[in-house]
Amino acid sequence: MNAILTAVGSLLLVVGHAQSADAAGPVLGIDGFSFTLNDKPVFLLGASYYGALGSEREEFIEQDMDDFAAHGFNWVRVWATWADFDNNVSAVATNGLPRQPYMARLERLCELASVRGIVVDVTVTRGKPPAFPSNFPEHLAVMNCLAKGLKRFRNVYFDIGNERNVGDERHVPIKEVGDLVRAVKQIDPDRLCTASDGGDLSKEATIELVEIGGADFICPHRARVEESPMQTAGTTRAYRAWLTEGAKAVPVHYQEPFRRDYGNWNPTADDFMTDLENAKDGGAAGWCFHNGANSLTFDKRPRRSFDMRAAEGRLFDQLDKVEKEFLSHLRAAVAKP
């Protein structure tokens, strides 16, 4: 717990500095295995905010952003292509043209985050049309639109392919990952990019992602099993060793760990805290408080970040008792000197 208190205290100093930056927000960077904000090392403590573009009420986003900052969070993960519950809120069409009002909402969300010193992970996934790009030309068109439309926001990074290694419609071959990253960097050379992976990576896949895929950092989505929190520190050290030996030092970023209401194992507040502490102890550069729809109920409620239309409510109002208990631990840490 002491490690978390120290990390949160350092985080707040960085956020305070970031709020004095220009309107485009704090500048996200990388220094070896670490992220930086305005050239200062920072641990990214984040939360899933997937379907935020579906929220018709900007005040809900503002309230959530205030709550994120109050609990010590300094990054959120938002999807630029999202269509859960038959509600297409994708910010870009598969022909590369912005979709309104969702592109405007994405830009506004980045603005609201920037003034609070919060990083925004903008994620794209391949999938079934019309909400998602289904092939390389469509995917390239979407990334080009986002790279141009969000260029002024320096608090943004791109996950150009969510769980790109999974063998279904999400799959993006490693060569295409590299082509997409290069296309983004032709428009915006300093934009940080990654492509996330479903499950833990092998040594070979880790090195390929950096050397062939051009990823600025890696985002393996760890196993959602009861043993996972105690394995995180050792797994992180293994990634760092492989990167040092076979590629180069880049951040290990836990962008989508386990969550509540996903399967047979339902993590406790202590599980969340243990996973966070072990991610830091192992040398990870970031960790996410993942949340989503209840896969165990007929109507999938609470849907949390997966459905943020006004009828469902803002994210912090949809969280359950255990998740709020975990957040209370974080908020208590923020309140301490």
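## A tour from the cavities to the sheets

By class, the residues that line the second largest cavity of this predicted model are 4 nonpolar, 3 polar and 3 charged. To display this lining, select Gly51, Gly54, Trp82, Asp84, Asn87, Val89, Phe306, Asp307, Met308 and Arg309. The space that these residues enclose, in the second largest cavity, comes to about 50 Å³, and a search of the whole structure for cavities of 30 Å³ or more finds 2. Rolling a probe the size of a water molecule over the atoms is what shows where empty space is left.

**The largest pocket**

Keep Trp82 and Phe306 selected, and add Trp79, Asn162 and Arg170: of the 27 residues that line the largest pocket, these five lie nearest its centre. The volume of the largest pocket is about 680 Å³, and its lining divides into 11 charged, 8 polar and 8 nonpolar residues. Trp82 and Phe306 are also among the residues that line the second largest cavity, so a view centred on this pair serves for both stops.

**Confidence along the chain**

Now colour the chain by pLDDT, which averages 93, with 93% of the residues scoring at least 70. Where among the elements of the chain does the mean pLDDT reach its lowest and its highest value? Helix α1, residues 2–18, has the lowest mean, 43, whereas strand β6, residues 119–123, has the highest, 99. Over residues 5–23 the pLDDT is below 50, and this stretch has 26 contacts in the model beyond near neighbours in sequence.

**The sheet of three strands**

Select residues 28–31, 34–37 and 40–42 next, which are β1, β2 and β3. These 3 strands form an open, antiparallel sheet in the order β1-β2-β3. The edge strands are β1 and β3, each of which pairs on one side only, and neighbouring strands of this sheet are turned by 50° against each other on average, with direction ignored.

Between β1 and β2 there are 4 antiparallel bridges; follow Gly29 across to its bridge partner Thr36, and then find Leu28 opposite Leu37. The two strands β1 and β2 form a hairpin with 2 residues between them, and Gly32 in the turn has a positive phi of about 65°. On the other pairing of this sheet, β2 and β3 run antiparallel and are joined by 3 bridges, among whose residues Thr36 has Pro41 as its bridge partner in β3. Thr36 is thus a useful residue to keep labelled, as the bridge partner of Gly29 and of Pro41.

What is there to see in the turn between β2 and β3? This hairpin also has 2 residues between its strands, with Asn38 in the turn. The phi of Asn38 is near 50°, a positive value in a residue other than glycine. Most residues other than glycine have a negative phi, and most peptide bonds are trans.

**The sheet of seven strands**

Move on to the open sheet whose 7 strands have the order β8-β7-β6-β5-β4-β12-β11, with parallel pairing. At the edges stand β8 (193–194) and β11 (253–254), each with a single partner strand, so one side of each is left without a neighbour in the sheet. Inside this order, select β5, residues 75–79, which runs parallel to β6 and is joined to β6 by 5 bridges; one bridge pair to label is Trp75 with Val119 of β6. Helix α8, residues 269–282, packs on the sheet and touches β4 (44–48), β11 and β12 (286–289), and the direction of α8 makes about 170° with that of β12.

**Two cis peptide bonds**

The last selections are two prolines, each with the residue that precedes it in its cis bond. Select Gln100 and Pro101 to find a cis peptide bond with an omega of about 10°, where Pro101 belongs to the loop between β5 and α3 (102–114). Then select Arg301 and Pro302, which are also joined by a cis peptide bond, with an omega of about 0°; Pro302 has its place in the loop between β12 and α9 (315–318).

Terms used: Residues are numbered from 1 along each chain as its sequence is written. This is a predicted model: local features need pLDDT of at least 70, side-chain atom pairs count only at pLDDT 80 or more; totals for chains, interfaces and linings use all residues. Side-chain values use heavy atoms; hydrogens and water are left out. On a 1 Å grid over the protein atoms alone, a cavity is a set of points where a 1.4 Å probe fits but cannot get out, and a pocket is an open set with protein on both sides within 12 Å along at least five of seven lines; lining residues have an atom within 4 Å of a point. Grid points are joined across faces, edges and corners, and a volume is the space filled by probe spheres set on the points. Ala, Val, Leu, Ile, Met, Phe, Trp, Tyr, Cys and Pro count as nonpolar, Asp, Glu, Lys and Arg as charged, and the others, Gly among them, as polar. pLDDT is the predictor's confidence in each residue, from 0 to 100. Contact means heavy atoms within 4.5 Å. Two strands pair if DSSP finds at least two bridges between them. Axes are lines fitted to C-alpha atoms, for helices over the stretch in contact, and angles run from 0 to 180 degrees between N-to-C directions.
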